[in-house]
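Q: I have a protein model open and I'm not sure how to read it. Can we go through it together?

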Amino acid sequence: MSVSANTKSFPLPSRLPFKTPFWAQILLGLVLGVLLGWVARSQDVSWLVTALEKIGDTFIGLLKLAVAPLVFFAILVSITNLRKVNNAARLASRTLLWFMVTSLVAVAVGLAIGLVTNPGAGTGLTPKDGELPEKTGSWIDFLTGIVPTDVITPFTELNVLQIVFMAAVAGIAALQLGEKAQPVLTLSESVLELLQKALWWVIRLAPLGTVGLIGTAVATYGWDLIGQYATFTADIYAGCAIVLFVVYPALLATVAKASPLRFFKGAWPAIQLAFVSRSSVGTMPLTQKVTERLGVPREYASFAVPFGATTKMDGCAAIYPAIAAIFVAQIFDIRLGVGDYLLIAFVSVVGSAATAGLTGATVMLTLTLSTLGLPMEGVGLLLAIDPILDMMRTATNVAGQALVPVIVSAREGLLDREAYDNAGSSPVEEREKVAVAA
C-alpha cells in the first residue's frame, strides 16, 4: 500500500478538532497567573517570582519593540489613506469631535465618583508617604516637547508624541506631493504590514504574557496594598466600568442605532488584550481588525484607530486623573473648587495626547496636578498601585478607540450593518483559518 494512497484514504486534519478559543486562553492565563502569583508570595518562592517577571517583561518588551516604527508608519499611512475616503475632512472632524465628547463624559463620571466616595479619606496615607516622580509634565513641556530636536532621539527614547508629530508632517507632505510620493507610500504600507504581521505573532503569546504579568502583580503587591488603596482602586474600576458598560452602550443604542451586545462581541478580543498588555499602541493592530469586522470601512478605520491609539484615552486621561486629583488633594488637605474641576475636564480633553498610548499614565497625572497646583509628591503615592489600575484603564481606552469609528460611520451612513450584526469569532482565530486554508 502506497503512502499517497493511505494519505488519500485517511486525510490528516489541518487543525485539531477541539481548539480553545483565544478569549478562553487569556482567561486561563489570568487564573493561572493569579494562582502562581499567590503561591510565589505566600510560600516566598523567589525563583517563581523571577520567572513570572521575566515572562511578563519579555511579553511587554516584544510589544514595545515595534511601538516606535508602528506608530510612525500607522499615522503616516492613515493620513494618506484619507485621500481614498469621500468627505475625509468631515470624517476627521467628526472623529475628533466624538473623541472630545466621550472624554468629557468620562471625566464627568470620574469627578462624580471621586466627589461621592472621597477616595483619599481613611487611607492612613500622609504627605510624607509621597515622593517626587522622576519625570513630571507641564504645559510648557507638553507644548515644546511636541517638536523633536532630531529625527533619531524620539525613536530611541520612545517619545510617542514626537513620533506622531513627525508622522503627521510626513503624511501631510506626502498628500501635497501626490504621485511623486507614491514610492514612499508603497514602502510605508509594506513596512506597516510587516510590523503588524510580527505583532500578530506577539499577540498569540498573550495568554503566556498574561500568566507573567498577572502573576507578577499578585506576587509583588499581594492584597495588602490593594486594601490600603481600596476606595481609590474601586473608584477607578467602577468609573471605567460605568463608561465601558453604561455610557458606551447608551451611545451605541441612541446615537449609532446599533446593538451594544454586538459591539462587545466583536470588540472583546481587543479589549481583553488591552487589559492584559496595558498598551493601547501594542493592541492597535487587533483594535483596527475588530473595528473593520464591526463594519467600519477599512480606509476610515486605518485613520481613526491609529489616531485614537495615540490620543483617545478615556481611562488614562479622563477617569484616572479626575479621581487621582481628588485623592491627592484630600491627602494633602487641599480644597478643590468648581474652577479646579473645570480645569481637570479641560486637561482631559486637550492633554490626552500626553499619554501617547504607552503603559502607564504618569505624565498625564503630573500634567493635571501641575495645572491645579497640587503637590507632585502625590504622584509617588499612586505609583505602587499603578500597574493594577492600568489594566482597566487601558481596556477602557481601547474600547473607546473602537467605539468612536463605529459611531461616526453609523452617523455618516458608512457602517456595514450586516458585518456589524455578524461580527463574531476572534480575529486572531480568523487569521489562523485563512493561513490554514492558504
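Below, we take the features one by one, starting with confidence.

Q: What is the average pLDDT of the protein?
A: First, keep in mind that this is a predicted model. Where pLDDT is low, the predicted coordinates should not be read in detail. Here the average is 83, and 83% of the residues score at least 70.

Q: Which helix has the lowest mean pLDDT, and which the highest?
A: Helix H1 (residues 3–9) sits at the bottom with a mean of 42, while helix H12 (residues 230–256) comes out on top with 95. Go easy on the start of the chain: residues 1–18 stay under 50, and the model gives them three contacts beyond four places in sequence. Residues 434–438 are also below 50, with one contact beyond near neighbours in sequence.

Q: Which residues does UniProt list under "transmembrane region"?
A: The UniProt record, an unreviewed entry, lists residues 21–40, 60–83, 95–116, 160–177, 198–221, 236–256 and 342–367. You can then look at what the model does there. Residues 95–116 are 100% helix, with end C-alpha atoms 32 Å apart. Residues 160–177 are 100% helix too, and their end C-alpha atoms lie 25 Å apart.

Q: What span should helix H8 have, going by its 18 residues?
A: Count 1.5 Å a residue, and H8 (residues 160–177) should span 26 Å; the model has 25 Å between the end C-alpha atoms, which agrees. Just after H8 comes Gly178, with a positive phi near 70 degrees.

Q: Which residues of H8 are buried?
A: The buried ones are Val160, Leu161, Gln162, Ile163, Val164, Met166, Ala167, Gly171 and Ala174. Try colouring them in your viewer.

Q: How many salt bridges does the structure hold?
A: The general idea: side chains of opposite charge can pair when their charged atoms come close. This structure holds six salt bridges. In one of them, Arg278 pairs with Asp390, with the closest N and O atoms 3.4 Å apart.

Q: Where do Arg278 and Asp390 lie?
A: Arg278 is in the loop between helix H13 (260–277) and helix H14 (280–293), and Asp390 is in helix H20 (residues 386–411), so the pair ties together parts that are 112 residues apart in sequence.

Q: Is Arg278 buried or exposed? And Asp390, buried or exposed?
A: The cut-off for buried is under 20% relative accessible area. Arg278 has 16%, so Arg278 is buried. Asp390 has 0%, so Asp390 is buried as well.

Q: What about Arg298 and Glu292, buried or exposed?
A: These two form a salt bridge, with 3.4 Å between the closest N and O atoms. Arg298 counts as exposed at 54% relative accessibility, whereas Glu292 counts as buried at 15%. Next, take the salt bridge between Asp314 and Lys312, at 2.9 Å from N to O. Both Asp314 and Lys312 are buried.

Q: Which residues do salt bridges with shared partners join into one network?
A: The network is made up of Arg278, Asp386, Asp390 and Arg393.

Q: Which residues does Thr396 touch?
A: To read a contact list, start from one residue and look past its sequence neighbours. Thr396 is in helix H20 and counts as buried, at 0% relative accessibility. Leaving out residues up to four places away in sequence, Thr396 touches Cys240, Val243, Leu244, Tyr248, Asp314, Gly315 and Ile319. You've met Asp314 already: it forms a salt bridge with Lys312.

Methods
Residues are numbered from 1 along each chain as its sequence is written. This is a predicted model: local features need pLDDT of at least 70, side-chain atom pairs count only at pLDDT 80 or more; totals for chains, interfaces and linings use all residues. Side-chain values use heavy atoms; hydrogens and water are left out. UniProt positions are given in the numbering used here, feature names are shortened, and annotations may be inferred rather than shown by experiment. Helices (H or I, at least four residues) and strands (E, at least two) are DSSP runs, numbered from the N terminus. pLDDT is the predictor's confidence in each residue, from 0 to 100. Contact means heavy atoms within 4.5 Å. The expected span of a helix is 1.5 Å times one less than its number of residues. Buried means under 20% relative accessible area, exposed over 50%, partly exposed in between (1.4 Å probe, protein chains only). A salt bridge is a side-chain nitrogen of Lys or Arg within 4 Å of a carboxyl oxygen of Asp or Glu.
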